[in-house]
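The following exercises concern a predicted model. Each task is followed by a solution that proceeds step by step.

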Amino acid sequence: MGNLGGLVTPKPKKQNFIKRILESAKTGVANSRNSIASAGSSSPTKSATNPLSALSGGPSLLPAKNIGREGMGSGVDWVQVRRDVNRSNSLSQNERTERKERCQMLDHPALNPVEELYNSIDGDEGDDGMPVQEPFNYLAINLSQVDKNSRFVASLPPTITAASLAATYVCRPYNSDVQRLRAIFTWVSEKVCWEEDFEGPIDTRRVIHSKRGCCQEFAVLVAEMCEAVGLHCEVVRGYLKSPGEIPDANIVPRPNHWWNAVVVDNEWRMMDTCLASPSFPRRALYSSWNSSQADPWWFLARPTEICWTHIPEHHEQQHICPPVAHEILLNLPCACPPYFKNGLDMFDYNTSLTRIEDLEMVHIKFNVPADVEIAAEVETRAFTKDNDGDVFESGEVVKKRALAQAEWFGGVKRYTVKALLPGDEGTGTLKIYAGKRGLMHSIKDIPHPLAFALPIIHTGENPPY
């Protein structure tokens, strides 16, 4: 039909116009993705042919098994990847409660020893039996000259006694109690060499003459020298914990160590001349101090700090107000001097966190100052099998790094350490190292000293992580 007075025949209305535009857009995007994927699959491979051939839709030179990790032919076991990712997830409060209830059901200790320690005590004990309000920091005093003078006391008469040694030689130049105690501490720690315990009466004259003695003789010699110069001193018998040691439930271990408790400036303080001695073989477990000198940390240590490693046999010799149950002290982490020097603080620690099953991991949290960095590793003894299939320790030590994650909570720097055993050993030790930030230049080496250690007990399967 032609035009009538300039009018044009109306065209029919287009149907589903918007829908067809969207479908064409999807088709174009899909074609673009296919082109990019075909180009990406050929880009990592070196070939003498023109690399642009793949971009133009040419045949790919890669076999299916060499396609990247994102391809369908990848050899990555994504089930194992997902398992390991889920395994390392941080624990929820419900999961922490489940671990605690499981330990209680199996008669394992499920305690918060750090929280119970600080919530139950008022502080260190004074000479009047009351808590000390403001403990003095004796590590801030420079006593290097006292140490130097004590090292020169060498030529002694063969019949000298502990009393004459202290009054005539070691403590004679000093008037203050701190200087006298430091002179005794340095002389005994560095001049007397440690030897194994023996059965028989203690003779301090023999110790001075032979320059050899066991832990008990160290402590008795210090007590006699202190008494000679008017210083109140006790001999303490107790148990010295080892890093990573698994405490026995409801059993107080047999005493294996001796140290001293002294009164200075109306405060009770602890001295361990044996552990401070460079000749004591176990000192390296707790300290990285100069091998030829006494470790000053064990000089006038606070009772509330030394109790993390030293557990007196008698509660009254803890000199803590009030005394703490042995069960709490045994389950505290074995804290070394760097733990207190760097101001570490355990956060919500429960002993059930170190007992894990199957795919579980150990999760430990603690707060640190802003200028402190942390490294962690798991150490365990290696096992091997003989020809008959029997398993025994090979004598080697296996070490595996643990994950240390730093976060900030309300202006406080908090580390979360996640660890597991290297294999099916069953038990191991989680070691936490601490020091000033900036010293770690490589992930292979740990320049910091040991801050504290915890035991790890694993049951069930432990696939490689």
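**Exercise 1: Cavities**

Two cavities of 30 Å³ or more are present in the structure. Describe the volume and the lining of the largest cavity, then do likewise for the second largest cavity.

Solution.

Step 1. The largest cavity holds about 230 Å³ of space. Its lining consists of 22 residues, and Glu245, Pro247, Leu330, Asn331 and Pro455 are those nearest the centre.

Step 2. By class, the lining of the largest cavity comprises 14 nonpolar, five polar and three charged residues. Strand 18 (residues 450-459) supplies the largest share of this lining, with four residues.

Step 3. For the second largest cavity, the volume is about 50 Å³. The residues that line this cavity are Trp259, Met270, Pro303, Ile306, Cys307, His310, Pro312 and Gln318. Helix 12 (303-306) and strand 7 (310-312) are the elements that each give two or more residues to the lining. Six residues of the lining of the second largest cavity are nonpolar, two are polar and none is charged.

**Exercise 2: A pocket**

State the volume of the second largest pocket and the classes of its lining residues.

Solution.

Step 1. The second largest pocket encloses about 330 Å³.

Step 2. Its lining has 13 residues, with Asp197, Glu199, Gln216, Arg237 and Trp258 nearest the centre. The division by class is five nonpolar, four polar and four charged residues.

**Exercise 3: Isoleucine 246**

Is isoleucine 246 buried, partly exposed or exposed, and which residues does it contact beyond its neighbours within four places in sequence?

Solution.

Step 1. Isoleucine 246 is located in the loop between strand 4 (233-240) and strand 5 (257-264).

Step 2. The relative accessibility of isoleucine 246 is 34%, so this residue counts as partly exposed; the class lies between the limits of 20% and 50%.

Step 3. Beyond neighbours within four places in sequence, isoleucine 246 contacts Arg355, Thr427, Pro455 and Ile457. With proline 455, the C-alpha separation is 5.9 Å, although the two residues are 209 residues apart along the chain.

**Exercise 4: Core and helix packing**

Identify the residues that touch the most other members of the largest nonpolar core, and determine where the buried residues of helix 5 lie around its axis.

Solution.

Step 1. The largest nonpolar core has 103 residues, among which Leu344, Phe366, Leu430 and Phe452 touch the most other members. Helix 10 (residues 215-228) contributes the largest share of this core, eight residues.

Step 2. Leaving out residues up to four places away in sequence, the residues touched by leucine 430 include Val362, Ile364, Val417, Phe452 and Leu454.

Step 3. In helix 5 (residues 113-120), the buried residues are Pro113, Val114 and Leu117. They lie on the same side of helix 5 because they cover an arc of only 100° around the axis. The partners against which these buried residues pack are helix 13 (326-330) and strand 10 (345-346).

**Exercise 5: Backbone geometry**

Which peptide bond is cis, and what are the phi values of histidine 319 and aspartate 348?

Solution.

Step 1. Most residues other than glycine have a negative phi, and most peptide bonds are trans.

Step 2. The bond from cysteine 321 to proline 322 is cis, with omega near -20°. Proline 322 belongs to the loop between strand 8 (320-321) and helix 13.

Step 3. Histidine 319, not a glycine, has a positive phi of about 55°. This histidine 319 sits in the loop between strand 7 and strand 8, and its relative accessibility of 4% makes it buried.

Step 4. Aspartate 348 also has a positive phi, near 50°. Its place is the loop between strand 10 and strand 11 (355-357), and at 35% relative accessibility aspartate 348 is partly exposed.

How values were computed: Residues numbered from 1 in each chain as written. Predicted model: local features only at pLDDT ≥ 70, side-chain atom pairs only at ≥ 80, totals over all residues. Heavy atoms only, no water. 1 Å grid on protein atoms, 1.4 Å probe; cavity = no way out; pocket = protein on both sides within 12 Å on 5 of 7 lines; lining within 4 Å. Points joined across faces, edges and corners; volume = space filled by probe spheres on them. Nonpolar A, V, L, I, M, F, W, Y, C, P; charged D, E, K, R; others polar. Buried < 20%, exposed > 50% of the residue type's maximum accessible area, 1.4 Å probe, protein only. Contact = heavy atoms within 4.5 Å. Core = buried A, V, L, I, M, F, W, Y, C linked by side-chain atoms within 4.5 Å. Arc of directions from axis to C-beta.
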